[in-house]
Amino acid sequence: MKMTSNGAWALALVLAASGCGGFSHLDFVMESTPPEATLISFERMQLVEGRAVAFVARPMSGDTEMGDDTEVSLASGNPDVAEIGPSLERWTFVLFGTTGGETSLTVLIDGELEATIPVSVEVQP
Amino acid sequence: MITRALLLTAVAAFGAGCGPISGTEGELGHGEFSYVCITRDDVACNQSTNLYGYTDDRVAMPAAVAVGMHFDVEYRAHELEDGGHVDSRLRSTAPSILTIGTTFSFTRPGSVSIIAETADGTILDLIDVDAEEVRTLRVDGLAEDGALEIEKSPGYGISYTTTVGVIALGANDQRLAGAMGYTAASSNEEVFTVQPTATYTADGGPEYELVGVALGEADLTLRAAGLERIVHVTVVE
């Protein structure tokens, strides 16, 4: 059976609304008070050297949060510039820049590489 | 780092059996960070007394510490639901700014997060610590011209004493935590002697006791945090 274009969109909408669709992005909820120059988003991240930021990275499918059992893993491309580690609560991470420079965070959802987020770390004056 | 982690775990375990310590809740709310003074001349501790009247050597995290001065930090995770404790170690998020060896010390002014993590790298908590340069040594108890007159002791086992207080301050007279390493010396002990007391100024700086031995003039040299202040002392009748 061949699905029409309208049918595919309708199915995608239904799946997204039910939380059963594919991963689209991470939604970040801050868990600590970051310095002013900090930016945490799915498009890019900006940190201040030596300052840690804690956040919840909610895996989203469109506007819907994915299921509780969704596994989110974040890893730094260069731990000499920025490190990230999990905290105790589900999908909670602590990210910090160890020295000035550029790197990236890889986003794995249920073990699959889904995105790479550029990260820049500003040196403290 | 591993040795330090074991030491912190041991200290935390020891602390767990010795009653509550005053600390600051971590940003993630999983435990408490305590600032630990490694010497008595640290203003963070010498103004704090516990219920029993003793000076606490574990206190809440101070607003700022002095660059280059040493201190210690402990973390104690809150009790788990089953009553157990999680062992943790502390890390600096910028080792080039805040070094952690046998003690903690800032290499330059700045703000650095300290994280508490488990052996498998799970981050339990974090707290930010600020550091400022020591700018001045303020001496309390001097005349308006910055000099000091003390009375000659009469002898026969009788000594007249004069007390001088000193404190190392940051910009805008900010009090800074850290082991400042205060010292005081007389340039001529045949004119006056100086020795530390067990008391502190209202701001938490150490106080020194001067005794005039003979009529004359000499200098009192006060040092702390790499700074020096010389006070001209005259012993009068």
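The loop between strand 12 (148-151) and strand 13 (161-169) of chain B holds B:Tyr156. In this predicted model, B:Tyr156 has a positive phi of about 55°, although this residue is not a glycine. The residue is also exposed, with a relative accessible area of 81%; it is counted as exposed because that value is over 50%.

A second residue of this kind follows further along the chain. B:Asn172, likewise not a glycine, has a positive phi of about 60°. B:Asn172 lies in the loop between strand 13 and strand 14 (183-186) of chain B. With a relative accessibility of 79%, B:Asn172 counts as exposed. Strand 13 thus borders both loops, ending the one that holds B:Tyr156 and beginning the one that holds B:Asn172.

These loops belong to a chain with 18 strands and two helices. Of the 237 residues in chain B, 45% are buried. Where contacts in chain B join residues at least 6 apart in sequence, 65% of them link residues at least 24 apart. The accessible surface of chain B amounts to about 11,400 Å², and carbon and sulfur atoms account for 51% of that surface.

The next topic is the interface with chain A. The size of an interface is often given as the accessible area lost when the parts come together. Between chain B and chain A, the buried area is about 1,600 Å², with 51% given by carbon and sulfur atoms. The residues of chain B that lose the most area to chain A are B:His30, B:Thr93 and B:Ile123, which together make up 27% of what that side buries. Counted by contact, 20 residues of chain B meet 21 residues of chain A.

Polar and charged pairs also cross this interface. Three salt bridges are found between chain B and chain A. A:Glu49 and B:Arg108 form a salt bridge, in which the closest N and O atoms are 3.5 Å apart. There are, in addition, 13 residue pairs in polar contact across the interface, with both residues of each pair at pLDDT 80 or more.

On the side of chain B that touches chain A, strand 9 (110-117) and strand 10 (123-132) each supply at least two residues. Strand 9 of chain B gives the largest share of that side, with five residues. By class, the side of chain B that touches chain A comprises eight nonpolar residues, eight polar residues and four charged residues.

Key. Residues numbered from 1 in each chain as written. Chains lettered and ligands numbered in written order. Predicted model: local features only at pLDDT ≥ 70, side-chain atom pairs only at ≥ 80, totals over all residues. Heavy atoms only, no water. Helix = DSSP H or I, 4+ residues; strand = E, 2+ residues; numbered from the N terminus. Buried < 20%, exposed > 50% of the residue type's maximum accessible area, 1.4 Å probe, protein only. Contact = heavy atoms within 4.5 Å. Areas by Shrake-Rupley, 256 points an atom, 1.4 Å probe, with all protein chains shown as cover. Buried area = accessible area lost by both parts, 1.4 Å probe. Salt bridge = Lys/Arg side-chain N within 4 Å of Asp/Glu carboxyl O. Polar contact = N/O pair within 3.5 Å; in protein donor to acceptor, adjacent residues only side chain to side chain. Nonpolar A, V, L, I, M, F, W, Y, C, P; charged D, E, K, R; others polar.
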